Amino acid sequence: MDSDVIIVGAGTTGLTLANLLAAAGIRSAVYEAKAAPDTRMRAIGVTPPTLEILDRFGIGGPLVQRGVAVRRAEVYGDRRLLGSVSFDGIHSRYPFILSVPQTRIEHLLRSAAEANNLVRVHYGAEVVSVEPGATPSRADDNLRTGDSGLEPRPVVRPTGITVRFRDGRSVNGLYACICSGASGFRPFPVMRRRRYRRLFLIGDYPDTGRLGDIARLYFSRDGSVESFPLPAGMRRWIVQLTGRASRTVLDEATVSAMLTTYVNRRTGIRVPAGLPHWWSSFRPERHELAHFARFGMFAAGDVAHSMSPIGGQGMNTGIADAELAADLIAGRTMTPESPAVTSHTPMIDMVSGTRLYEKVRRKAGRSASRRAAASMFVGTVGGVPGSAIRNALLRAALTLIPDRAIASHFAMLTIPGHRSPLSFTARTISSRPQ
Ligand SMILES: Cc1cc2nc3c(=O)[nH]c(=O)nc-3n(C[C@H](O)[C@H](O)[C@H](O)COP(=O)(O)OP(=O)(O)OC[C@H]3O[C@@H](n4cnc5c(N)ncnc54)[C@H](O)[C@@H]3O)c2cc1C
């Protein structure tokens, strides 16, 4: 075997997995198609369960140092404050959602992985196939034939994984974890897919207002605007483009004009003139693979279940996938003699592990996807009557539902399986009196 675990994709999911495996004493090799790390800012919202997972290999705290803790969100409807939500008390260590660009998260994950001699990260290595290795087993031939006199049929048993690259090379591993993102290599067929018509434009600008570390959601009859603090005195604006704007070709001139116009029209706030430091547009899509785990192969992150970025859950869900995959592989590959095995390392057979992963991660992915779609739907209800009804319902919800329930929902603390059930088993066992 070239490696215990082969990981396809060096995004947040793949790099988290490599670090978690290394913390359990397991070797992995990460293969990334791009020649160099991704420079797109993309995700910014890191939830408390994700910070707990990152703490397992010591980078939760350092990441908090590099971000802005969002402790409060305000919701506006047609420029009037409908209510606010405080994240106080939702978590003992992390009572906030951390805002930090995905590039910084990936940088920290990559540095931790590269500093560990159990991990190798290879760039410029595009994977074209991942197949379970298969060798006929003689003992099984005899069992199958028995006294029946039938022709022996070789019984094929998986014996590891072979990964092939675009340049013709191949490597073998015990397990493969495919973390190749929403549009990368797919190990299994797509089961569900949905494309949304809504179009959103993102711009990251210097924060010239007085919004500080508060997140703001503006819902209007013409469309939504979301605004989040970023580190280093920056602020992100996410604007829904409607009508003719949603069919315009976006170039640098139209981008700055649209961001300036729509932010001002819907919020009354002026963003600085000129191009944002970083911009991007997206038309959300959602898909789910037919299988999440089979024959020692795990699909994790956006490749398994992509969802609308509105609601900020995709990256967090992928990191939670990585945690369960790592726990299953650790429980499976370790023998009681392995140095990293402690009294609380759960041991599990791979058939039960595969079923557990399918069940837990599919449920979590669907729950997060549904929430992301619902958040997007609520924010983008347009027109005068629709917007008025939405605003009235939101005002009532923000008044009647306790802050803690709403905040826990947005912090993904109520997603089923938001932490690996095996990590809980481990904690329960380790905290029992000896
Ligand atoms: C604008 C925007 C804002 C977002 N905001 C948030 C947010 O606030 N919070 C949140 O939780 N999520 C958010 N998301 C979603 C988040 O960015 C994704 O869920 C996250 O990047 C998924 O991580 P991943 O590692 O699974 O996939 P990716 O980040 O896509 O990484 C996959 C990697 O696999 C590589 N790869 C693909 N094919 C191959 C191959 N054949 N061989 C080798 N390597 C391959 C790719 O090059 C890539 O580097 C946002 C997304 C967007 C677009």
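Modeller: A residue counts as near a molecule or strand if its C-beta atom, placed from the backbone, lies within 6 Å of it. By that rule, 36 residues surround the ligand. The closest are Gly11, Gly181, Gly184, Gly301 and Gly314. This is a predicted model: local features need pLDDT of at least 70, side-chain atom pairs count only at pLDDT 80 or more, and totals for chains, interfaces and linings use all residues. Residues are numbered from 1 along each chain as its sequence is written.

Colleague: What makes up the shell around the ligand, by class?

Modeller: There are 13 nonpolar, 17 polar and 6 charged residues. Ala, Val, Leu, Ile, Met, Phe, Trp, Tyr, Cys and Pro count as nonpolar, Asp, Glu, Lys and Arg as charged, and the others, Gly among them, as polar.

Colleague: Which elements each supply at least two residues of that shell?

Modeller: Helix 1 (12-23), strand 17 (278-282) and helix 7 (314-333) do. Helix 7 gives the largest share, 4 residues. Helices (H or I, at least four residues) and strands (E, at least two) are DSSP runs, numbered from the N terminus.

Colleague: Why is the ligand shell said to lie between domain 1 and domain 2?

Modeller: Domain 1 (1-72 + 97-194 + 287-434) and domain 2 (197-283) both give residues to the shell, so it lies between them. The domain bounds come from an automatic or database domain assignment.

Colleague: How do you know that strand 1 and strand 11 pair?

Modeller: Two strands pair if DSSP finds at least two bridges between them. Strand 1 (residues 3-8) and strand 11 (residues 170-178) have 5 bridges, in the parallel sense. Isoleucine 6 has alanine 176 as its bridge partner in strand 11. Alanine 176 also stands opposite methionine 297 in strand 20. Strand 20 (residues 297-299) runs parallel to strand 11, with 3 bridges.

Colleague: What makes strand 3 and strand 4 edge strands?

Modeller: Three strands form an open, antiparallel sheet in the order 3-7-4. Strand 3 (45-46) and strand 4 (68-70) each pair on one side only. Strand 4 joins strand 7 (residues 97-99) by 3 bridges, and alanine 69 stands opposite leucine 98 there.

Colleague: How many bridges join strand 5 to strand 6?

Modeller: There are 6, and strand 5 (residues 72-77) pairs with strand 6 (residues 80-86) in the antiparallel sense. Glycine 77 stands opposite arginine 80. Their hairpin has 2 residues between the strands, and aspartate 78 takes a positive phi near 45°. Strand 5 also runs parallel to strand 14, with 5 bridges. Tyrosine 76 stands opposite tyrosine 218 in strand 14.

Colleague: What span does helix 6 reach, set against the expected one?

Modeller: The expected span is 1.5 Å times one less than the number of residues. Helix 6 (residues 252-267) has 16 residues and reaches 22 Å from its first C-alpha to its last, close to the 22 Å expected. Just after helix 6, glycine 268 takes a positive phi of about 80°.

Colleague: Which residues of helix 6 are called buried?

Modeller: Leu259, Thr260, Tyr262, Val263 and Arg266. A residue is buried if 20 or more other C-beta atoms, placed from the backbone, lie within 10 Å of its own (exposed if 12 or fewer, partly exposed in between). What covers these buried residues includes strand 13 (199-206), strand 14 (215-220), strand 15 (223-230) and strand 16 (234-241). Contact here requires C-beta atoms, placed from the backbone, within 7 Å.

Note on methods: Contact = placed C-beta atoms within 7 Å.
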